[in-house]
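Student: I should like to learn how to read a protein model, feature by feature. May we begin with the whole and then turn to the details?

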Amino acid sequence: MQHLSQRFTRFGFHARLALHSPSPVRRLTDLIIANILFNLPVTLRKQLFVGERSFCPLCHSHLSGFLNLHRPYHRWCPVCRSLQRHRLIWLFLERFTMITPEQPQTMLHFAPEPGLARRFAQMPYLRYITADRFDRSAMMRLDITTIPFDENTFDLILCSHVLEHVPNDRQAMRELYRVLKPGGSALILVPIQGEHTFEDATITDPLLRERYFGQFDHVRMYGTDIIQRLQQAGFQVQAVSVSDIVTTQAEIEWMGLPVNETIFACHKEGGIAP
Ligand SMILES: [Zn+2]
């Protein structure tokens, strides 16, 4: 019963978000479709969307295609709900063997994406903790600018599309650095446009934020100079793109990967760059 009420609350929360968008009808329609679809059993979704046109490396499903929902550029896996960047993160972790059974690790995952979270939770050798400021389904509700863990706690941190929501992102970066173990890695992703970060705390109107920052609840649009911010927090930063992970356009299409997404692989001194 509590589970159902939580789902209903989450739907209401997302519906309110959709109403704030510049295209509320499309967003609400997509939200209803997604809500019906993703409440169907996984086995049924696999049968409905089985095909040879696409492949999700995260849930290993052969698909008739990915789904465009919520935003025109989104390509959802109908089985595990992964987006392009989630599949890229998974392939990155596999490609650079970031998680192995031979070496037990402790991982902190912010704003856990369902497809990724399910895979991590299945790894018995991973001490896996999910965290979010608002989402009650996460294991911990916490503020990323005051992470309630000792320094040098985590081997791996995943923080994807979170910092663009955080007013004091420099403090968040310092906190991520503090709780990361020497030799550990934090994988950080944010929307990027151009070279210079644009932020203006006086822009609070949802429609203006959508126009200037790309989404109604974003507080800035990062440029590639995020690398300097991360370095100022103490990290050694390596920018990884899809071409560092797969080699052909056919693979990018087949697995529905993003061509304009960068994974900032952030290492704490003592680490080994992948
Ligand atoms: Zn999938």
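The dialogue below moves from the overall form to single residues.

Tutor: Please keep in mind that this is a predicted model.

Student: Which helices and strands should I expect to find, and how many of each?

Tutor: The protein has nine helices and eleven strands.

Student: How does one judge the overall form from the radius of gyration?

Tutor: One sets the value beside that expected for a compact globule with the given number of residues. For 274 residues the expected value is near 19 Å, and the protein has 19 Å, so the two agree. Along the principal axes, the C-alpha atoms fill a box of roughly 50 × 50 × 45 Å.

Student: What share of the residues is buried?

Tutor: A residue is called buried if 20 or more other C-beta atoms lie within 10 Å of its own, and exposed if 12 or fewer do. In this protein, 34% of the 274 residues are buried.

Student: What do the contacts say about residues that lie apart in the sequence?

Tutor: Here one takes contacts between residues at least 6 apart in sequence. Of these, 61% join residues at least 24 apart.

Student: Into which domains is the protein divided?

Tutor: Domain 1 covers 2-83 and domain 2 covers 86-267. Their centres, taken over C-alpha atoms, are separated by 21 Å. Where the two domains touch, domain 1 gives 17 residues and domain 2 gives 18 residues. On the side of domain 1, the largest share comes from strand β1 (residues 50-56), with three residues. By class, that side of domain 1 holds ten nonpolar, five polar and two charged residues.

Student: Which residues touch the most other members of the largest nonpolar core?

Tutor: A nonpolar core is a set of buried nonpolar residues joined through their C-beta atoms. The largest one here has 58 residues, and those that touch the most other members are Cys77, Ile157, Cys159, Leu176, Ile188, Leu230 and Phe264. Among the elements that give two or more residues to this core are α4 (84-95), β6 (154-160), β7 (180-189) and β11 (263-267). At least three residues of the core come from each of domain 1 and domain 2.

Student: Phe264 appears in that list; which residues does Phe264 touch?

Tutor: Leaving aside residues up to four places away in sequence, Phe264 touches Ile188, Leu189, Ile226, Ile227, Leu230, Val237 and Ala239.

Student: Is the strand β11 mostly covered or mostly open?

Tutor: To answer, one looks at each face of the strand in turn. Ile263, Ala265 and His267 lie on one side of β11, Phe264 and Cys266 lie on the other, and all are buried. Thus β11 is mostly covered, with five of its five residues buried.

Student: What is the order of the strands in the open sheet?

Tutor: One reads a sheet by following each strand to its partner. The open sheet has seven strands in the order β5-β4-β3-β6-β7-β11-β10, and its pairing is mixed. Because β5 and β10 stand at the edges with a single partner strand each, one side of each has no neighbour in the sheet.

Student: How many bridges join β7 to β11?

Tutor: Four bridges join these strands, which run antiparallel. Ile188 has Phe264 as its bridge partner in β11, and Leu187 stands opposite Ala265. Strand β10 (residues 236-240) also pairs with β11 in the antiparallel sense, over five bridges. There, Gln236 has His267 as its bridge partner.

Student: Which residue in the loop between β2 (61-63) and α4 has a positive phi, and is it buried or exposed?

Tutor: That residue is Arg81. Its phi is positive, about 70 degrees, although Arg81 is not a glycine. Arg81 counts as buried because it has 22 C-beta neighbours inside 10 Å. Asn152, in the loop between β5 (140-141) and β6, likewise has a positive phi, near 60 degrees. Asn152 has 14 other C-beta atoms within 10 Å, so it is partly exposed.

Student: Why does Pro124 count as exposed?

Tutor: Pro124 counts as exposed because it has 9 C-beta neighbours inside 10 Å. Pro124 lies in the loop between α5 (114-121) and β4. The C-alpha atoms of Pro124 and His70 are 34 Å apart, and 54 residues separate the two along the chain.

Key. Residues are numbered from 1 along each chain as its sequence is written. This is a predicted model: local features need pLDDT of at least 70, side-chain atom pairs count only at pLDDT 80 or more; totals for chains, interfaces and linings use all residues. The radius of gyration is taken over C-alpha atoms; the globule rule is 2.2 Å times the number of residues to the power 0.38. Two residues are in contact if their C-beta atoms, placed from the backbone, lie within 7 Å. Domain bounds come from an automatic or database domain assignment. Ala, Val, Leu, Ile, Met, Phe, Trp, Tyr, Cys and Pro count as nonpolar, Asp, Glu, Lys and Arg as charged, and the others, Gly among them, as polar. A nonpolar core is a set of buried Ala, Val, Leu, Ile, Met, Phe, Trp, Tyr and Cys residues joined through C-beta atoms within 7 Å. Two strands pair if DSSP finds at least two bridges between them.
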